[in-house]
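Trainee: I am new to this structure and would be grateful for a close look at a single part of it. Please choose one strand and then follow the chain outward from there.

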There are 2 protein chains.
Amino acid sequence: MSRILCVVQDFLSDEHREKIRQAADRAGFTPYFFTSDQRDAAKEYLKDCEVLYANQADVLRDTSASLRWCAAASAGADAYCADPSLFPNPDCMLTVSNVYGATISEYVVMVTLELLRKMTYFREPLRRHEWLVSPPIRSIKDGDFTILGTGNLGRTIAARLRSMEARRILGVSHSGRKVDLFDEVLPVSQLDTVLPRTTFLIMALPGTPETVNILNRERIALLPPEAYVVNVGRGNAVDQDALMDALNRDAIAGAALDVAVPEPVPADHPLWETKNLILTPHISGNMALGYTRDENVRLFCKNLLRYANGDTPSGVVDRARGY
Amino acid sequence: MSRILCVVQDFLSDEHREKIRQAADRAGFTPYFFTSDQRDAAKEYLKDCEVLYANQADVLRDTSASLRWCAAASAGADAYCADPSLFPNPDCMLTVSNVYGATISEYVVMVTLELLRKMTYFREPLRRHEWLVSPPIRSIKDGDFTILGTGNLGRTIAARLRSMEARRILGVSHSGRKVDLFDEVLPVSQLDTVLPRTTFLIMALPGTPETVNILNRERIALLPPEAYVVNVGRGNAVDQDALMDALNRDAIAGAALDVAVPEPVPADHPLWETKNLILTPHISGNMALGYTRDENVRLFCKNLLRYANGDTPSGVVDRARGY
């Protein structure tokens with residue numbers, strides 16, 4: 001029996017499928033394609049498949065011990081790591097797709113400029129057709145930024161801010177290991193000393209037990225009143241109640257959240273009406289950009305050939321650590 | 001009698017005034033400082049002044065034939081060139097301050113991303129607290145842009161888009177002369193052949209008779225349905241009625257106007273409710289950014305020393321041409 005590749009994805013074009021077919025052929029795999037609403041039809045193939053290219057973690061429940069590699073189309077591994085029993089094969093390799101930097105970094109630039117240029121100040125007056133004089137604003141050029149998270153996403157954001165002539169970019173990560181593009185990287189143990197001198201905080205963290213509530217009430221209180229906060233990682237990294245309090249009291253200058261708890265944010269949730277908050281419906285890093293879709297498929301095909309050759313694909317996740 | 005410098009500006013800090021004082025001292029000038037509401041007190045100094053650093057053209061009416069150089073704090077010369085009788089000395093030199101690139105280019109990046117990422121699609125649903133899935137979006141990375149105007153402003157915008165990995169930047173200018181940062185520059189006589197293949201048009205033109213209504217109804221009709229238009233030059237460069245028609249009919253995908261006719265836009269003007277239009281109250285290039293204010297003073301001081309040494313200051317305007 002030939003080796004089986006199951007693809008359960010909703011975003012693929014005919015061209016994408018053809019690329020995957022060609023790569024599978026070269027790698028010695030027979031590919032079977034399904035969308036997320038064809039899970040019943042997929043079952044008999046999933047139980048025998050060796051490689052799975054998926055965009056939903058619970059597809060794993062239909063796999064068996066024969067699954068050797070699960071290639072997630074997402075950049076985050078949290079949904080795949082939260083419950084170890086998801087993987088019938090405990091030694092199954094998990095990879096994520098680090099292809100969202102282009103779209104997320106452009107989202108970050110957009111909301112960073114919206115915050116620095118005080119667009120929330122204009123929001124209601126513009127709706128009332130009022131032509132206002134601008135209050136003092138700040139710029140990315142010559143600005144200082146702190147990025148929490150120096151992984152693929154944090155680095156892409158740093159590169160973009162650097163290209164726009166940011167003056168100083170400080171990274172904060174688990175290890176504090178120096179990374180190119182950052183002027184300095186400090187370990188998360190020093191976060192409390194970093195926050196009082198942070199005037200723009202960008203959170204680009206994976207969802208792990210360590211990052212839950214990392215920006216808690218005490219830490220939000222350490223930020224100066226001119227500080228802005230942007231979160232494009234996971235919603236549970238921020239104490240939302242404390243953030244809303246700080247914004248509504250002008251204890252910080254503004255924030256942009258593309259992720260929240262829960263998602264979707266219910267219509268009656270106070271986040272929607274929080275002062276100086278830009279709230280968007282998890283649009284920074286999805287499949288809306290063609291580049292992201294193409295790169296996702298390109299990366300999977302490249303990784304499939306590496307896997308078939310006995311090499312390690314890129315994006316391998318330490319499932320115990322969660323990223 | 002010592003040579004007189006009159007400064008009529010509202011944005012100066014004590015530090016700025018001190019810098020101007022020091023430069024004036026080195027240049028052999030006695031400086032007199034006024035704000036725009038001190039015009040009566042300024043009169044007796046304006047009539048004898050040789051150099052004027054102003055931010056409103058009609059201050060010129062209080063000057064005399066002794067005025068040799070008017071340094072405008074703005075980047076646009078149109079208000080100073082519209083009426084030649086403004087200058088009591090017909091040979092008076094006029095300079096503008098090309099220091100707005102940093103703030104205007106960040107504004108352009110902001111609204112470009114807002115348009116490409118379909119933020120106008122989310123505008124009303126977000127107000128109704130609706131959490132939507134994103135429609136297909138585009139990015140600056142790998143995107144194609146046409147910039148109408150390759151002067152200081154157009155070049156700064158091109159540099160910023162280039163740093164964000166735009167694929168191709170086409171310039172259109174009066175002369176069609178090649179400029180660094182642009183892949184190609186075409187003369188305005190070829191504009192009609194450029195527009196049908198333009199999917200993002202950025203207008204950064206000076207206000208001159210040649211640029212009035214340059215994007216007229218016929219030319220708007222040449223743009224493809226996926227095209228976006230951004231105008232940060234002068235409002236009268238666009239046929240606003242035709243632009244509103246095109247937007248409301250989905251004949252083009254969206255637009256952002258920071259300049260309009262008239263300004264302020266009256267509360268009952270249809271621009272406010274035009275589909276897929278981002279309208280902002282002339283905030284892209286004012287004095288709201290500290291960098292712009294500092295650079296304005298720095299440039300004036302540098303130019304004052306050049307002038308005193310018999311050299312030509314930067315930013316000299318051909319008053320007959322208007323830029």
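Mentor: A residue is called buried here if 20 or more other C-beta atoms lie within 10 Å of its own. Please keep in mind that the model is predicted. Let us begin with strand β1 of chain A, which covers residues 3-8. Five of the six residues of β1(A) are buried, so this strand is largely enclosed by the rest of the structure.

The neighbours of the strand come next. On one hand, β1(A) pairs with strand β2 of chain A, residues 29-34, in the parallel sense, and six bridges connect the two. Within this pairing, F34(A) of β2(A) stands opposite V8(A). Between the two strands in the unit that they form comes helix α1 of chain A, residues 14-27: β1(A), α1(A) and β2(A) together make a right-handed β-α-β unit.

On the other hand, β1(A) also runs parallel to strand β3 of chain A, residues 51-54, to which four bridges join it. Here V51(A) in β3(A) is the bridge partner of L5(A).

To place this strand in its wider setting, one may turn to the contact between the chains. Chain A and chain B each contribute 35 residues to that contact. On the side of chain A that touches chain B, helices α4 (101-116) and α6 (152-163) of chain A each supply at least two residues. The largest share of that side, eight residues, comes from α4(A). By type, the residues of that side of chain A comprise 22 nonpolar, seven polar and six charged.

Notes
Residues are numbered from 1 along each chain as its sequence is written. Chains are lettered from A and ligands numbered from 1 in the order in which they are written. This is a predicted model: local features need pLDDT of at least 70, side-chain atom pairs count only at pLDDT 80 or more; totals for chains, interfaces and linings use all residues. A residue is buried if 20 or more other C-beta atoms lie within 10 Å of its own, exposed if 12 or fewer, and partly exposed in between; C-beta atoms are placed from the backbone. Two strands pair if DSSP finds at least two bridges between them. A crossover is right-handed if, with the strands pointing away from the viewer, the path from the first strand over the helix to the second runs clockwise. Two residues are in contact if their C-beta atoms, placed from the backbone, lie within 7 Å. Ala, Val, Leu, Ile, Met, Phe, Trp, Tyr, Cys and Pro count as nonpolar, Asp, Glu, Lys and Arg as charged, and the others, Gly among them, as polar.
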